[in-house]
Amino acid sequence: MRTTRSRGPLAPALSALLLVAAALCAAAGTLIAPHALDQNLYTGVVGAGVDGHLLGTDQLGRDILQLSVAGARSALVGPVLVACGSMLLGAWLGMIAGYHGGVLDALVGRYTDLVLALPAVLLAVVVAGLLGGGYWVTVAVLTVLFSPSDVRLVRAAVLEQTTRPYIDSARLLGIRPGRIMIRHILPNIVPTVVANVLLNVAFALVALSSLSYLGLGAPPGAPDWGRQLADGRDLLGDNPLASIVPGVLIILTATAVNLLGDWVFERLDRTVAVR
Amino acid sequence: MTRQILVFLVRRLGMTVLLLLALSLLVYGLMFLAPGDIARNLLGTRNATPQALDQVRAQYHLDKPFLWQYTHWLSHALTGDFGTSIRTGAPVGRMMRERLGLTAAVSGLAFLLSVLAAVPAGVVAALHRGEWLDRALVGWSVVGISAPGFAVGLILLYVFAVGLGWFPVYGTGSGFLDSLWHLVLPAVTLALGLGAFVVKLTRAAVARELDEDYVVFARSRGLGRARVLGIVLRNAAVPVLTSLALMVGYLFGGTLLAEVTFALPGLGALLEQSVLFKDFPVVQALTVVVAVLISLTALLADLAYLTVDPRIRNRMAR
Amino acid sequence: MNAPLLRVRGLRVTGPQGTIVTDVDLSLEHGGTLGVVGESGSGKSLAVKALSGLLPRGLHATGEIELDGEPLDPDGSAPQWRRIRGSRIVTLPQDPFTSLSPLHRCGTQIGWAVADRHRRAQRVAELLAEVGLPAEVARRHPFELSGGMRQRVAIAAALAGDPQLLIADEPTTALDVSTQAEVLDLIARLQRVRRMGVVLITHDLAVARSRADQIMVMYAGRVLERGPGSEVLERPAHPYTARLAACDPPLDVRLASLPAIPGSVPPPHTVGVECSFAARCALTVDACRTTVPRAVEVRPGHLAACLRIGQADPRPPVAEAPEHGGAREGAAPALTVRGLAKRFRGAPHPALDGVDLTVRQGEAVAVVGESGSGKTTLARCIVGLERPDEGTVEIPGLPAGPQRIQIVFQDPYSALNPGLTIGACLREALAVAGRPASDVAGLLALVGLPADHARRRPRALSGGERQRVAIARALAPRPKVLICDESVSALDVSVQAGVLNLLSRLRRELGLSLVFITHDLAVARQVGDRVHVMYRGRVVESGPAHTVLSAPTHPYTRRLLACRPAAR
């Protein structure tokens, strides 16, 4: 059955294209941009088009275009790890809480309350900052901080599913709880989970680059969009592109992931729709 | 009925207090988890002579058990005494009070801007579902959600301050109007991200209500568009209130980045500097104060539901 | 003679998928009642929504509508509708639980349509009195009222603009039997007093028969028959009307098998140049599949759109069944329930309050009750989905396990996992019972479904077919006892009859014992050897079906029975 959709497939197609390009840069960054980290303190910062630097250079004389290409890796790898890791943690805790209820549910509930009591970015700044920072520490901290929303999501979905008559029927037929979980409940919450993982990739990208911007994520000198913005903040007069380009890249990538997430959710939700 | 509501409030308050206690314990504990010797960390950039280290250990009671230290810190914190900053040596309470005004002004302005623009925008989008106006608003809100505050801030800075010269680049200005002028760009930066969430949630809430039977029934009785919209808005109020309460938490995360980007000496910038310097007393104090403020907002939101929705009152009374 | 109150010619509703309602003609006199009868998917609701200019987004109406001689624009967005709606035409929605704004007081909601601000309070009190509610209801919120009271508030709100025409869309479907009659009586009284025209949409032929002077029968978006109420139902000219009337289970006798219509209602946009009923009709000839039958006058004022008018239905009339489906007095009990009690936290009275129930082998026991009677809790306690506070459930001769007892639920849409094919669903049920996957085809045949349905997903099945699959799944472990919790009440009458026949065949062939839970007395009469009547968690009366339902002793049973003819 075809119905007219509010958003055509153009937006998700463009988003997918953009993400594939970003993924290519992340995977083969050293091939596409071999001179990303070459410094030239002699030239220092120059504007767009000077000396063959299409987008100019930063204060260390690094080429903005190549640096931005190389930055795709830390912009994708960390957020994807955060989103998947937090969903694994969230799905595990959420299923336990939703299916077993009781004390376990209460414990998991308090855990989510505690972590959600402060905005993730703020808590990440504090924890990552005090623990000494670094990209991977920050990724780990964000994974933990992102998990409560996944826990709540999965728990609510599981609770909603377990009251369905077909779950009652499966129980009465003598099907084991583990099998009911995997075969009857899990597939029906996949759309929610997939969409939320994608949305979390976007949020994690924003959060991680924010931390890098504050100097708590990627180490100094590493190719990272958030870092580039922080370094380029003082160069607005000399080469505005040093901060505008990575800024636009972050916004574009996060928007693409969000659009794709919404689209995937609509599609999957329709295939598993009850009616 | 009032008695049950009172019981609910007491329980809700109790939960909040427990939550805050747990949180403060964790934040306080972070000091001990941080790599390196605590006494050295607490010394900061000062010379780590044995005498200085001993003095710090005595000052922070590091020889006492952890829980004793925590209760000692907490009992002082409850009276507003958060100790002294390692970085500046000034009392933490006074440092926070000096910077509170600026942060409150920026976030208040941002909150106002986003509510005034985003709630109507969400309602309009819901009313024109599927039309170009809706798609434009929804598209804009997706971009707004995806754009980190510092990136938007830098772009706004470049376009409106550096390029067009309409707004000052840095600083706070002097005098009321000039100060306000300096706060416009940071507030707009914050409001864009904040407003995007509010648009999305308001649209969803209003759209859900528009699909309800009572809307069709109201129209079939010949009620005018304005009247019907009024009915719908009243019913959509609870989810919209929830989203606004959540936004308060988001504001504190966002203001940190905005203050750093626009070099504003507010609480956010203070937190950034303190975290980078490992100025533990300031970080602990700021985190706990923010958590208290957010918990209080959540509590206020719950109270607001009670006045808006009679069904919630009733459920509680049973 | 004045112009009729409402005259419609060639009304057509189209949506993105095609035409949904085709060529509706009708007329209604001042003060008259038109009953629009049809099963789900007949297009009756949409046709009538077009009459008040309230079609959902994406649907468009064309045709001529005249109200009291004044032509109306079928496009509901025309400015003209602003002064028509409320003051001349008003629609009363089906579900009183969703038709009122949950956050506004009832008085406020009634007062919205009262233009004069100063007289508002007084007018609200008058309207409440008119629908038989105390004035203090004005200060209540809808959630504080019962379903019947809410529907009265909705009626009061609908009448606030003094309309000439009230369109009631299934106004009692969401209500309990005893409330249904009250609400229909109220509408009839208001209609007399106010000389108001009423269009009553219903799926229930009996309701239409007792309340309407004109009846219009719709099927798959088309009008099949139209005429005076008594005429259409007593001497139906269209085979569909005749079959539909026959499907309605009687309360006075038990039939050996209920007449049913095979198949299900096709979606209106899939019906081409053919009679929309051709695929399910016993009288179909080739011409029925190639032409759209035009409405012809059978008798003065009685029209039917059929090529085969006057042809007798070739199927034999149905025989009555013996009152006890065989001698079961001496049979051993298959299920014994003793002293079952259950109270939910926060509930004002217990859901079950000492219920005893015995089902002998091969016997069917019907449990009848209104919402809140505890009948569903009883079902869930018997199968073990709910733990009773007190009492025992015994199934002699079998160890605990799925072979003892299975259940079929009410809603066919949530009964099956939407992600699994029918085959996968049945294979899984067979596997836990230790039966081979090759039994799937046999299981499907047992419930009257073709084997190729195994490859389909629930989405591709009609409600009746899904319910059959649910029964097949429940039969996979070869249970001795089957509980049916309102298993046919979400189905259309013609489909319901088929599922009831299936259940009685299964009882005969498999020696199954049945506990059939229902709110419908006539269904209970057809299914049950014995009937238990439940009220507020207790069994207030029980005995052989024909005795309980023809000579009831308990006042509650009497009231239930008394309400039924009134609704009919």
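Me: Does H6(A) pass H8(A) in a left-handed or a right-handed crossing?
Reply: The model is a predicted one. Two helices of chain A are involved here: H6(A) and H8(A). The crossing of H6(A) past H8(A) is right-handed.

Me: Which class of residue counts highest in the contact of H6(A) with H8(A): nonpolar, polar or charged?
Reply: One residue of the contact of H6(A) with H8(A) is charged. Nine are polar and 17 are nonpolar. The class with the highest count is nonpolar.

Me: How are H6(A) and H8(A) oriented to each other?
Reply: H6(A) covers residues 135-162 of chain A, and its axis lies 9 Å from that of H8(A). The two pack at an angle of about 150°. Angles over 145 degrees count as roughly antiparallel. Therefore H6(A) and H8(A) are roughly antiparallel.

Me: H8(A) also packs with H9(A), so what is the orientation there?
Reply: H8(A) spans residues 177-213 and H9(A) spans residues 225-232. Their axes are 7 Å apart, at an angle of about 40°. That angle makes H8(A), relative to H9(A), oblique.

Me: Which residues of H9(A) meet H8(A)?
Reply: From H8(A) come Ser209(A), Ser212(A) and Tyr213(A). By class, the contact of H8(A) with H9(A) has three nonpolar, three polar and one charged residues. On the H9(A) side, the residues are Gly226(A), Arg227(A), Leu229(A) and Ala230(A).

Me: How much area do chain A and chain B bury between them?
Reply: Chain A gives 40 residues to the contact and chain B gives 46. Of the area buried by chain A and chain B, 81% is on carbon and sulfur atoms. The area comes to about 3,800 Å².

Me: What percentage of the area buried between chain B and chain C do carbon and sulfur atoms give?
Reply: This contact joins 23 residues of chain B to 28 residues of chain C. The buried area between chain B and chain C is about 2,300 Å². Carbon and sulfur atoms give 59%.

Me: Which residues of chain B lose the most area to chain C?
Reply: Together they make up 28% of what the chain B side buries. The three are Phe217(B), Ser220(B) and Arg221(B).

Me: How many salt bridges are there between chain B and chain C?
Reply: Over all chains the count is 37 salt bridges. Between chain A and chain B, the count is zero. Across the interface of chain B and chain C, the number is also zero.

Me: Which residue forms a salt bridge with Arg123(C)?
Reply: Side chains of opposite charge can pair when their charged atoms come close. In this pair the closest N and O atoms are 3.3 Å apart. The two residues sit three apart in helix H4 (residues 120-130) of chain C, so about one helical turn separates them. The partner of Arg123(C) is Glu126(C).

Me: How many helices does chain B have?
Reply: The C-alpha atoms of chain B fill a box of roughly 85 × 60 × 35 Å along the principal axes. From the N terminus on, the elements of chain B are α throughout. Strands in chain B number zero. Helices number 13.

Key:
Residues are numbered from 1 along each chain as its sequence is written. Chains are lettered from A and ligands numbered from 1 in the order in which they are written. This is a predicted model: local features need pLDDT of at least 70, side-chain atom pairs count only at pLDDT 80 or more; totals for chains, interfaces and linings use all residues. Side-chain values use heavy atoms; hydrogens and water are left out. Axes are lines fitted to C-alpha atoms, for helices over the stretch in contact, and angles run from 0 to 180 degrees between N-to-C directions. Helices (H or I, at least four residues) and strands (E, at least two) are DSSP runs, numbered from the N terminus. Angles under 35 degrees count as roughly parallel, over 145 as roughly antiparallel, 65 to 115 as roughly perpendicular and the rest as oblique. Contact means heavy atoms within 4.5 Å. Ala, Val, Leu, Ile, Met, Phe, Trp, Tyr, Cys and Pro count as nonpolar, Asp, Glu, Lys and Arg as charged, and the others, Gly among them, as polar. Buried area is the accessible area (1.4 Å probe) that two parts lose on being put together, summed over both. A salt bridge is a side-chain nitrogen of Lys or Arg within 4 Å of a carboxyl oxygen of Asp or Glu. A crossing is left-handed if the near helix is turned anticlockwise from the far one by less than a right angle, and right-handed if clockwise.
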